[in-house]
Amino acid sequence: MLFFLLVLVFAGVAGLLYGGYLFANRRSLAAKEAALERLTEVEQAMQASRGLLRDESVSEVDALDRMLAGREITVRLGDQLRRAASSLTVGNFVLRSAISVMAGFLVGRLAGGTWGQFVGTAIGAAIPVLWLQRAVNKRARAFREQLPEALDMLVSAMKAGYSFQAAMKFIGEEVPAPLGPEFLRFYEEQRLGVEVRSALIALQHRVNDVDLRMFVTAVLIQRETGGNLSEILDRIATLMRERSALKDEIETLTAESKLSARIMSGLPFFVFGAAWLIDPNFITPMVESSVGPWILLGSVGSVILGYVVMSRIADVNI
């Protein structure tokens, strides 16, 4: 009992001494805390500015870097990777694509001989390209869905007294990816000395979306000619919503045609596979003959061409 009493007395005295120290040095401690917060903000700004610097190397492998550097296809591939928000460099993507092609070649060779090698190589080469295009489209779609709401927030912030740049920073901090980081990057670029026009054009280039292009064009025209920017952006947000609603309606009306194209394109492959499983001797003469593989190749090309034509007919751009 005496031990616990001594512990309590010690804790009370220590607490009083610590509280007296804090009270006596409250001003210096507050100044130190403010300095630490300022250092934290500076460090975050430095990290953001480092992120704006583009690494000129396209691969960690020197030979591959020399082979890819300065080529137009490298620039285009780098733009696509940035639009997909991928952390891969161009060299990494090329290496992974080469591995995919080799894997498709080996699997095709083990599965179907010469023609299997051709089909496997084609599939292996198509997988990275399709993955990248899907990632770009997915991010652009998410950006497009966030943009009208973000413009409403931007208009409200500007009506509340924010400047355009400060409102962009506010949107960048409040809105999640992919739109938020892109708006915040625009703010950091112009804060570090990049002209607003150049920063907006860079934002448009990174995203490459029609709705964002309307927003950038409206802002640039307003900066040249003047006018009520908040009213212009409000009307653009309304136009984007109406355009999105019309596009959804068109997607609903053309869904049957797109589904028909998929079913009709997949039906020949399904019938061929089913016939092969049920009676291999029925298919073997065509595969083993001299002209049979060429006929099959022409049939596959015809099916792909038909699918592309039907999809383009059902694809209505607005």
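This is a walk through the helices, ring pairs and charged pairs of one protein model.

Before we start, note that the model is predicted, that local features need pLDDT of at least 70 and side-chain atom pairs pLDDT 80 or more, and that totals for chains, interfaces and linings use all residues. Residues are numbered from 1 along each chain as its sequence is written, and side-chain values use heavy atoms, with hydrogens and water left out.

Let's begin with the aromatic rings. Rings of Phe, Tyr and Trp (for Trp, its six-membered ring) pair if their centres lie within 6.5 Å; planes under 30 degrees apart count as stacked, over 60 as edge-to-face, and the rest as tilted. The structure has seven such aromatic pairs. Take Phe93 and Trp131: their ring centres are 6.5 Å apart and their planes sit at 25 degrees, so this pair is stacked. How open are these two residues? Here, buried means under 20% relative accessible area, exposed means over 50%, and partly exposed is in between (1.4 Å probe, protein chains only). Phe93 is buried, because its relative accessible area is 8%, while Trp131 comes out as partly exposed at 42%. Now look at Tyr162 and Phe170, a tilted pair with 5.9 Å from centre to centre and 40 degrees between the planes. Tyr162 is partly exposed at 41%, and Phe170 is partly exposed at 28%. Ring pairs also link Phe143, Phe164, Phe183, Phe186 and Phe215 into a cluster.

Next come the charged side chains. Side chains of opposite charge can pair when their charged atoms come close. The rule used here calls it a salt bridge when a side-chain nitrogen of Lys or Arg is within 4 Å of a carboxyl oxygen of Asp or Glu. By that rule there are twelve salt bridges. One of them joins Glu188 to Arg191, with the closest N and O atoms 2.9 Å apart. Both residues belong to helix H7 (residues 179–191), three residues apart, which is about one turn of the helix. As for that helix label, helices (H or I, at least four residues) and strands (E, at least two) are DSSP runs, numbered from the N terminus. Glu188 is buried at 13%, whereas Arg191 is partly exposed at 40%.

Right beside Glu188 in the numbering, Glu189 has a salt bridge of its own, to Arg206, with the closest N and O atoms 3.5 Å apart. Glu189 lies in H7 and Arg206 in helix H8 (residues 196–207), so this pair ties together parts that are 17 residues apart in sequence. Glu189 is buried at 10%, and Arg206 is buried at 9%. For another salt bridge, find Glu251 and Lys258, whose closest N and O atoms are 3.2 Å apart. Here Glu251 is partly exposed at 35%, but Lys258 is buried at 19%. Going back to Glu189 and Arg206, salt bridges that share partners join them with Arg139, Glu182 and Arg185 into one network.

Let's follow H8 onward to its contact with helix H9 (residues 210–225). Their axes come within 10 Å and cross at roughly 170 degrees; axes are lines fitted to C-alpha atoms, for helices over the stretch in contact, and angles run from 0 to 180 degrees between N-to-C directions. That makes H8 roughly antiparallel to H9, a label for angles over 145 degrees (under 35 is roughly parallel, 65 to 115 roughly perpendicular, and the rest oblique). Contact means heavy atoms within 4.5 Å. Among the residues making it are Leu200 and Leu203 of H8, and Val216 and Leu220 of H9. The contact residues divide into nine nonpolar, one polar and three charged. In this sorting, Ala, Val, Leu, Ile, Met, Phe, Trp, Tyr, Cys and Pro are nonpolar, Asp, Glu, Lys and Arg are charged, and the others, Gly among them, are polar.

What about helices H10 (residues 229–278) and H11 (residues 280–288)? Their axes come within 6 Å and cross at roughly 115 degrees. Phe272 and Trp276 of H10 are among the residues in contact, as are Pro280 and Ile283 of H11. By class, this contact has eight nonpolar, no polar and no charged residues.

Finally, find Met310 in helix H12 (residues 292–314). Met310 is partly exposed at 30%. Its C-alpha atom is 7.6 Å from that of Ser257, though the two are 53 residues apart along the chain. Leaving aside neighbours within four places in sequence, Met310 is in contact with Ser260, Ala261 and Met264.
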